[in-house]
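Let's take a walk through this one, from the inside outwards. Have the viewer open and follow along.

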Amino acid sequence: MAKKQFDFIVFDWDGTLMDSTATIVKCIQASARDLGLPVPDDKAASYVIGLGLNEALQMAMPGLDPKYYPRITERYRYHYLARDHELPLFPGVREMLQELSQEGYFLAVATGKSRVGLNRALHAANLLSMFDATRCADETFSKPHPAMLQELTRELGQDMRRTVMIGDTTHDLQMAMNAGAASVAVEYGAHDELSLKGLNPAFSARTVAELHSWLTENA
């Protein structure tokens, strides 16, 4: 049996495990609309997914009077919390995670969500016990800073050289590069295939089934 490349697999959440990209975009746009502010287009709103919320909203709607950002954040949370319980995992995610766990990999989540937001999502998806560790944007530096991966590997006693980060945004892949970890892109989330492949991931998956197959054969 071939020796595994990786011991530790870290997943982004939104757009990688949970089918939430379109909802996040709509909530960013609705929060701007509520306050009569310029509404970012789909591309601008989806680009910031994966960042911490405050940073994401400032990047999606740059140049506003700073007094608006706390109000935009409040409106975003209002819209998102009204919908987040309806958001599904991508088909095949649960089975993939179960198989990886049974194969003995350490599993973690590194996300731009808040701790409260991730815990809500994990509870709703019944995945609280699936991950060995998780890290959120309100607990450390936001992506693409390497801190999340550095902290997760230290917490679980893992080697960064045997760690792979899986995500749907350039923020995820850049974080992996900054930390010295490998990366795998998924093309069904927030960022386009060309942008993702520009950061030289070990693999770029068009579907969860492709991701699962690659991990089974190569991780």
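Keep in mind that this is a predicted model. A good place to start is the largest nonpolar core, which has 55 residues. Within that core, F11, W13, F131 and L211 have the most contacts. Helix α1, covering residues 21-34, gives the most to this core, with 5 residues. Apart from it sits another core, this one of 16 residues, including A108, A110, M160 and M165. As background, nonpolar side chains tend to be buried together in soluble globular proteins.

Now for the sheet. What is the order of the 6 strands in the open sheet? Reading across, you get β3-β2-β1-β4-β5-β6, with parallel pairing. The edges are β3 and β6, each of which pairs on one side only. Going from neighbour to neighbour, the strands are turned by 20 degrees against each other on average, direction ignored.

Next, have a look at α6, residues 115-124. This helix lies across β2 and β3, and runs at about 135 degrees to β3. Which residues of α6 are buried? They are G117, L118, A121 and L122. These buried residues are on the same side of α6, because they cover an arc of only 130 degrees around the axis. Their cover includes β2 (106-111) and β3 (133-136). Turn to the face pointing away from the buried side and you find the exposed residues V116, H123 and A124. After α6 comes N126, with a positive phi, near 60 degrees.

Finally, jump over to the other edge strand, β6, which pairs on one side only. Strand β5 (residues 182-186) is joined to β6 by 3 bridges, and the two run parallel. Here V184 stands opposite F203 in β6. Strand β6 spans residues 203-205, and S204 lies in it.

Is S204 buried or exposed? It counts as buried, because its relative accessibility is 12%, and the cut-off for buried is under 20%. Leaving aside residues up to four places away in sequence, S204 touches A185, E187, K197 and E210. With one of these, E187, there is also a polar contact between the two side chains, at 2.5 Å. So that edge of the sheet gives you a buried serine whose side chain has a polar partner in E187.

Definitions and conventions. Residues are numbered from 1 along each chain as its sequence is written. This is a predicted model: local features need pLDDT of at least 70, side-chain atom pairs count only at pLDDT 80 or more; totals for chains, interfaces and linings use all residues. Side-chain values use heavy atoms; hydrogens and water are left out. Buried means under 20% relative accessible area, exposed over 50%, partly exposed in between (1.4 Å probe, protein chains only). Helices (H or I, at least four residues) and strands (E, at least two) are DSSP runs, numbered from the N terminus. The arc is that of the directions from the helix axis to the C-beta atoms. Contact means heavy atoms within 4.5 Å. A polar contact is a pair of N or O atoms within 3.5 Å; within protein, one must be able to donate a hydrogen and the other to accept it, and residues adjacent in sequence count only if both atoms are side-chain atoms. Two strands pair if DSSP finds at least two bridges between them. Axes are lines fitted to C-alpha atoms, for helices over the stretch in contact, and angles run from 0 to 180 degrees between N-to-C directions. A nonpolar core is a set of buried Ala, Val, Leu, Ile, Met, Phe, Trp, Tyr and Cys residues joined through side-chain atoms within 4.5 Å.
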